[in-house]
Amino acid sequence: MTLRDIKTYGPPVKLSMKTCSGRPGAKRLLHIGVHNSANRNAGDTLLFPVVRKAFDTLLGTCDWELRQAWEPFSIEDARQVNQNFDGIVIGGGGLLLRDQAGSDVSSSGWQWNSNISAVESINIPVIIFAIGYNRFRGQDDFDPVFTEHIRALTAKSAFFGLRNTGSINALKNYLQPQQFDVLRRQYCPTTVLWQLYPEYREIAMAHDAKKERIFAFNAAFDRAALRFGQNADHVLDNVAAAVRRAQNLGWKIIMAAHKTMDRDIEPYLDKAGVIYDTADLTDAGPTEVMDFYARVDFAFGMRGHAQMIPFGLRRPIMSIISHDKMRFLLDDIERPDWGVEVDSPKLADHLETALKALEQDHHTVHTDIANAQQKVWIETEANLRTIERALTASPQPRTPACPI
């Protein structure tokens with residue numbers, strides 16, 4: 001194994017499950033998600049705080065209480081929520097998935113562990129925000145309860161936002177036709193980090209001024225059989241060869257693991273003669289994840305957030321597509337050439353073309369990214385105004401927002 005620098009991060013600071021803005025009239029919202037790095041995935045560790053950041057930035061600081069999506073949600077929970085909150089925010093993340101370590105999908109068929117009666121008992125606005133249809137290629141369909149549950153949830157939703165058009169079209173297969181119009185596109189909020197976190201925008205701009213050549217590479221090894229098929233070694237050798245091509249062009253390679261399992265790519269990189277450092281982001285906090293990606297010049301990634309986080313910081317990207325969700329985003333932003341199938345024999349050629357284009361005309365490439373990313377922000381702003389109207393139309397709870 002090649003000698004290299006390996007940087008790991010300590011566990012992120014655990015957030016209180018209750019927060020209080022102290023702002024008179026602040027909306028009190030229950031955020032159902034995967035909080036406090038419960039699944040030890042760098043992308044999700046960042047994502048859920050960014051959901052709240054989007055609301056707080058565009059609607060004014062809210063009073064939040066956090067609840068794990070995997071925690072059972074009953075009729076009694078619905079009653080308590082109705083009495084104490086102005087609304088429920090569910091998301092973001094690829095919650096439309098039938099299997100996830102730590103979750104119980106028997107009541108709903110997906111990651112929110114709620115029974116149908118509980119959903120039907122909610123009478124405050126339900127905001128589904130930037131969730132994704134994350135079923136893998138070749139994966140078994142959802143259990144029958146999923147259809148009944150998702151129809152009940154759609155009927156209750158004041159806003160039902162999915163993070164790409166591909167997820168919208170997939171979910172329609174489980175809904176009644178009259179429910180189709182409820183669905184809206186709401187990109188993952190990690191795609192608008194540029195606007196939400198000006199401090200990391202400044203870091204990214206300062207890094208660009210240095211004119212370095214930092215190449216961040218991420219592979220994904222969850223459900224590897226579904227990602228790589230029966231010829232996994234051949235596919236991964238081909239991916240490693242593409243990274244070697246970047247090295248040959250003079251790029252400094254950093255292998256970014258969003259989960260420690262992603263380091264399973266290292267033997268393939270070693271065999272290909274790639275010289276690289278490792279940044280294991282498994283236990284990185286949100287600020288560390290943003291700081292890492294703000295300081296790269298090109299991101300070559302297989303995980304969804306290895307695509308969306310750098311894009312949100314206006315970093316050039318090339319997506320390695322082993323899951324349809326990667327293509328879904330690129331189609332929506334009208335940049336399908338920013339991705340290549342994981343088993344493509346031309347993967348290395350595609351990457352080299354992108355790197356040479358960046359080297360030859362840095363300004364044009366970055367202007368293109370800025371234009372695509374700004375459109376995502378404009379759509380997010382409009383959606384939050386729709387959500388604001390839905391929350392304003394709901395009566396205030398009679399209980400105080402924060403205990404004295």
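Visitor: How many salt bridges does the count come to?

Guide: The structure is a predicted model. A pair is counted when a side-chain nitrogen of Lys or Arg lies within 4 Å of a carboxyl oxygen of Asp or Glu. By this rule, the number of salt bridges is 27.

Visitor: With which residue does Arg40 form a salt bridge, and which parts does the pair tie together?

Guide: The closest N and O atoms of Arg40 and its partner, Asp283, are 2.7 Å apart. Arg40 lies in the loop between strand S2 (28-33) and helix H1 (42-59), while Asp283 lies in the loop between strand S10 (276-280) and helix H11 (286-294). The pair therefore ties together parts that are 243 residues apart in sequence. The partner of Arg40 is thus Asp283.

Visitor: Is Asp283 buried or exposed?

Guide: Buried means under 20% relative accessible area. Arg40, at 40% relative accessibility, counts as partly exposed. Asp283 has a relative accessible area of 17%, so this residue is buried.

Visitor: In the salt bridge of Arg223 and Asp222, what is the distance from N to O?

Guide: Arg223 counts as partly exposed at 22% relative accessibility, whereas Asp222 is buried with a relative accessible area of 13%. Their side chains meet in a salt bridge, with an N to O distance of 3.2 Å.

Visitor: Which residue forms a salt bridge with Glu266?

Guide: Glu266 counts as buried, at 5% relative accessibility. Its partner counts as partly exposed, at 21% relative accessibility. The closest N and O atoms of the pair are 2.9 Å apart, and the partner is Arg263.

Visitor: Which residues do salt bridges that share partners join into one network?

Guide: Arg223 and Asp222, whose side chains meet in a salt bridge, both belong to this network. Salt bridges that share partners join them with further residues, and the full set is Asp99, Asp222, Arg223, Arg227, Asp262 and Arg303.

Visitor: How many disulfides does a search of the whole structure find?

Guide: A disulfide is a covalent bond between the sulfur atoms of two cysteines. The pair of sulfur atoms must lie within 2.5 Å to be counted. A search of the whole structure gives a number of disulfides equal to zero.

Visitor: How far away is the cysteine sulfur nearest to Cys188?

Guide: Cys188 is buried, with a relative accessible area of 1%. Cys62 also counts as buried, at 4% relative accessibility. Cys188 is in no disulfide, and the nearest cysteine sulfur, that of Cys62, is away by 18 Å.

Definitions and conventions. Residues numbered from 1 in each chain as written. Predicted model: local features only at pLDDT ≥ 70, side-chain atom pairs only at ≥ 80, totals over all residues. Heavy atoms only, no water. Helix = DSSP H or I, 4+ residues; strand = E, 2+ residues; numbered from the N terminus. Buried < 20%, exposed > 50% of the residue type's maximum accessible area, 1.4 Å probe, protein only.
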